[in-house]
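Reader: Can you walk me through this fold and tell me what stands behind each label?
Author: Sure, let's look at it together.

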Amino acid sequence: MGAQLLIATGNPGKMREYSDLLRDIPFELVSLRDLGITHEVAETGETFEENALLKARYYAQASGLLSLADDSGLEVDALGGEPGVHSARYAGEGATDADRVLLLLSRLKGVPAERRTARFQCVVALAWPEGAT
């Protein structure tokens with residue numbers, strides 16, 4: 001294969017998912033782990049798009065490769081879209097998925113089932129090392 005595409009993740013499960021989704025593209029997929037990149041980008045954006053772009057741009061510069069990054073999370077209507085971009089940190093640093101679910105359910109206490117609507121959002125961004133996105 002010729003050109004490489006950096007999938008900006010160190011998560012082996014996410015890397016497998018992207019490898020499956022992108023199996024027909026003419027790129028060798030590499031991860032942050034493959035390149036020895038350990039720095040995590042602070043997700044300071046106010047939207048999924050801003051965070052995905054922050055990560056894609058940073059890792060494109062750091063690696064010199066075309067880079068794909070994503071940001072995702074759960075938006076609960078009855079909570080005004082929370083946890084949204086804060087999904088991973090919703091219950092604090094070091095919290096488990098179970099911790100986040102318990103917090104979410106406690107905040108939904110008293111909300112009738114028919115109003116417990118939500119969606120999972122995911123935004124993907126591509127950035128070139130030269131700076132284009």
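Author: Start with one pair: the bridge partner of I7 in β2 is S31. Quick background: this is a predicted model, where local features need pLDDT of at least 70, side-chain atom pairs count only at pLDDT 80 or more, and totals for chains, interfaces and linings use all residues. Residues are numbered from 1 along each chain as its sequence is written, and side-chain values use heavy atoms, leaving out hydrogens and water.

Reader: What makes β1 and β2 a pair?
Author: Two strands (DSSP runs of E, at least two residues, numbered from the N terminus) pair if DSSP finds at least two bridges between them. β1 (residues 4–7) and β2 have four bridges, in the parallel sense, so they pair.

Reader: Why are β2 and β4 called edge strands?
Author: The open sheet runs β2-β1-β3-β4, with mixed pairing. β2 (28–31) and β4 (118–127) each pair on one side only.

Reader: How do you know that α3 has about the expected span?
Author: Helices are DSSP runs of H or I, at least four residues. The expected span is 1.5 Å times one less than the number of residues. Helix α3 (residues 48–63) has 16 residues and reaches 22 Å from first C-alpha to last, close to the 22 Å expected.

Reader: Which residues of α3 are buried, and what do they pack against?
Author: Buried means under 20% relative accessible area, exposed over 50%, partly exposed in between (1.4 Å probe, protein chains only). In α3, F48, N51, A52, L53, K55, A56, Y59 and A60 are buried. They pack against β1, α2 (32–35), β3 and β4, where contact means heavy atoms within 4.5 Å.
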